[in-house]
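Reader: Could you walk me through this one? I'd like to start with how far to trust it, then look at some local detail.

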Amino acid sequence: MAANFPKLIITTGPEEGKEFDLSTGESFLVGRSDENDIILDDSSLSRRHASIHQKEGVWFIRDEGSRNGTIVNSTALTPAMTTPLTHLDVIRLGIYEMRFATQSFTNDEVKNFKPAEKAVTPPTLPTNEIATNKNSKNQSEPQTDLLDNPLTTDHQELKEDQKQLLPENHLEEKQKTGKSLLVFTLIALFFCVIGLVIFFSYHRSQNTSQDQDPGAQETSETEEVTQEDPPSDQLPPPEEAQTKPDTPPADTNAVQQNISEALTTVPKTQGPLQTAAGKQSENLPIPTDDGAEKAANNDAQTSPNVPTQQDDSFTTTPVSTVTEQPSTALREFTVLLDIKTEPYPATIYFKGERLCTAPCRQQASVNANDTYTLAADYDLRELNDIYRKKVEFTVKPNTDVLELTIKAEIGQLKVSKLPMRIEFYLEGYYDYDQLKANPAKINDVAYGKSIYLPYGKYVVELREKTQIAGSQNTITQIRFQREYTINQDNPTIDLNVTDRDLQFFPANIKSDPPGAEVFYSDEKMGNTPFSGLLPLGPHQIKLIKEGFFPTIIDIDMRMNSVYETTVTLKTSKMGELINEAREQIRNAQWPNALDTLVNALKFGGSIKEKSEVYFLLGSVHNNQKSFDQAVPYLERAKENPDYYTQAALELVRSYHGLTKDIEALKLIVEVLANLRPETSADLRKEANNVFRLISPVKSVIYIYTEPEGAKVFINDKIIEQASPLILSDLGLGNYRIQIEKSGYQTYKTNQNLKIGEFVLIKVRLTPEQL
């Protein structure tokens with residue numbers, strides 16, 4: 001059956017891979033509320049988050065005033081904004097990412113997909129065109145989630161409708177009224193400026209009139225010095241006021257000139273001036289060009305030496321004492337903060353106030369080259385806690401957009417399966433506060449949904465209420481317990497527990513020294529270090545290792561919890577000396593090992609321990625080239641079946657060292673012919689090495705028949721000795737072997753021998769048919 005298109009496919013978030021068929025209608029509402037057509041149940045989405053609709057064959061998506069916004073590819077939609085959708089577009093709603101598909105596609109198409117720049121336009125459709133298919137009546141219901149949609153799109157559309165219903169003459173009257181208010185404001189501003197100019201002209205004329213006093217000349221000379229390089233934007237005193245004391249304070253031409261200068265200076269006003277008396281002149285302009293600032297600084301440096309003229313009514317202060325105050329406003333500008341948080345949305349705080357819920361784009365006032373701190377609060381809902389992550393950033397000058405990504409040290413716990421009637425408890429010890437326990441009971445566990453947890457160590461417990469036998473009371477028992485660590489290397493924990501898992505427990509058993517056999521209920525489970533599952537209940541675990549006493553471990557496990565133990569194996573006095581001698585042999589300390597083994601024979605031990613001492617004594621003598629002294633010890637060790645093969649191989653070395661090659665060949669052939677299937681690979685390899693020591697070039701064939709006494713022919717030549725027999729000193733080549741015995745069928749075979757090869761031929765002859 002062909003797939004339906006178009007569709008939405010969840011690519012990131014809970015229910016990854018789920019598809020929503022859009023071919024069933026023309027408009028769909030998306031959000032976390034049950035009233036939506038597409039329900040995404042997560043708190044990062046608004047109840048009514050976005051809408052998707054079709055118009056004239058083109059699909060559009062619109063943000064319905066969501067709290068966390070809607071992002072298409074890299075384009076963020078503001079509330080009530082709309083953009084068209086094209087094939088393979090990626091839509092981000094909260095923690096969800098979805099892909100819009102109009103046809104089938106491949107992974108290569110997704111990798112090579114390059115989204116085109118989106119055209120974002122305000123909505124033109126009425127609200128009723130994006131109603132849901134299944135519940136159109138929901139469109140008329142009031143929006144109750146004020147937190148999700150503080151400025152509803154319905155209200156915006158209502159204002160547009162009301163504007164359309166107003167008569168045209170009413171709109172014209174409103175426009176005329178606005179123009180009238182603007183003209184009135186400009187006229188009032190003009191007269192205010194004229195008033196200020198007249199006031200300052202009169203004030204400067206009064207200062208000039210003081211030239212009639214004896215000290216007037218000095219004052220004038222001082223003013224001439226300070227005004228050699230006057231600020232370009234500062235109003236100079238009228239020339240008439242300096243030369244003609246009887247001139248009226250406000251000459252008409254001077255006033256008009258001052259008005260022109262004032263009108264030129266007003267647009268450059270940056271802030272108030274600070275006078276020498278400490279009072280602000282709010283209406284005086286501050287020079288902004290470099291020349292004016294330099295002149296003001298020069299005037300400020302010379303002003304302390306300028307004498308002032310005092311009067312009973314006021315104190316005259318030269319204009320040159322006016323200095324510019326530094327303003328931080330010159331460094332402050334607005335930047336757009338593009339904030340993203342991982343692994344899920346968080347609430348952002350800036351300058352101690354809530355800024356937005358990330359991912360978000362928000363404007364902020366900053367100063368160039370200053371360092372700021374963003375705080376992201378992650379809601380740990382299951383733990384009823386808040387995790388705060390702080391990051392610092394520095395804003396460079398002329399920055400328009402600043403992208404900030406906050407990555408919190410937060411992992412996740414995913415529950416795949418839990419038994420029925422189980423209560424889920426969690427206790428965490430965060431990395432940033434390891435001494436504080438953070439217990440929580442997890443209710444309403446959603447399978448497959450992530451439980452976000454800060455990095456740290458956690459104890460997971462599954463508890464079950466059981467009824468006490470013979471009573472109506474119940475007790476809570478721990479049925480499952482595990483410790484987990486969440487960190488950068490292991491950020492995700494998958495919890496999958498079945499009813500069967502509650503009947504077993506994991507056991508980790510180590511021994512010192514390692515290599516002990518582990519037996520459970522007389523059945524061998526493996527060797528130490530051992531890891532495996534054992535049934536709940538009381539048990540006895542037995543550890544057995546050669547040279548040590550058997551060790552029994554009593555275990556009584558009532559819940560599925562990890563059992564770990566390390567057992568130090570003990571031994572007898574002879575066993576201790578044997579272990580000591582083995583260590584000396586590994587280090588080639590032959591005399592010391594010999595003394596230790598001789599001393600071991602003075603203590604009582606088991607038959608197996610004594611046989612081991614004899615074998616080790618023979619080995620030490622062989623390594624010291626004392627072959628004749630090695631033989632009696634190895635003969636005694638060979639009597640014990642547990643040490644037969646090892647002792648026989650050492651005895652072959654002794655015979656070879658004594659040049660008794662016939663005895664050595666017979667013994668090595670006997671060993672090779674009697675190797676059992678369970679013989680270890682290391683022991684088989686050692687036996688072959690000993691054979692090549694005895695016969696490095698020639699090959700050997702050992703023929704054994706059942707029954708014995710058969711005639712053997714090699715390359716059609718009869719061998720005098722009947723089976724069993726050893727054919728030695730055979731060179732390279734192909735050999736035809738024929739075995740005959742009266743009353744039995746003839747057996748034939750071919751053997752292609754190599755250098756120093758041992759061939760075993762075991763034949764069970766078949767009786768002739770009567």
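What follows is a short conversation about confidence, one sheet and one serine.

Reader: So what is the average pLDDT of the chain?
Author: This is a predicted model, and the chain averages a pLDDT of 77, with 75% of the residues scoring at least 70.

Reader: And where does pLDDT stay under 50?
Author: It stays under 50 over residues 125-174, for which the model has 62 contacts beyond four places in sequence, and also over residues 208-330, where the corresponding number of contacts is 112.

Reader: Switching to the sheet with β28 in it: what is the strand order?
Author: The order is β31-β28-β35, in an open sheet of 3 strands with mixed pairing. The edge strands are β31 (530-535) and β35, each of which pairs on one side only, and the twist averages 30° from one strand to the next.

Reader: How many bridges join β28 to β35?
Author: There are 6 bridges between β35 and strand β28 (residues 504-512), and the two strands run parallel; in β35, Thr 568 is the bridge partner of Asp 512.

Reader: Now Ser 572, where is that?
Author: Ser 572 lies in the loop between β35 (563-568) and α8 (573-586).

Reader: Buried or exposed, and why do you call Ser 572 that?
Author: Ser 572 counts as buried because its relative accessible area is 13%, and the cut-off for buried is under 20%.

Reader: What does Ser 572 touch?
Author: Leaving aside residues up to four places away in sequence, Ser 572 touches Phe 549 and Glu 609. The side chain of Ser 572 also reaches the backbone nitrogen of Gly 575, at 3.1 Å.

Conventions: Residues numbered from 1 in each chain as written. Predicted model: local features only at pLDDT ≥ 70, side-chain atom pairs only at ≥ 80, totals over all residues. Heavy atoms only, no water. pLDDT = per-residue confidence, 0-100. Contact = heavy atoms within 4.5 Å. Helix = DSSP H or I, 4+ residues; strand = E, 2+ residues; numbered from the N terminus. Buried < 20%, exposed > 50% of the residue type's maximum accessible area, 1.4 Å probe, protein only. Polar contact = N/O pair within 3.5 Å; in protein donor to acceptor, adjacent residues only side chain to side chain. Pairing = 2+ DSSP bridges. Axes fitted to C-alpha atoms, helices over the stretch in contact; angles between N-to-C directions.
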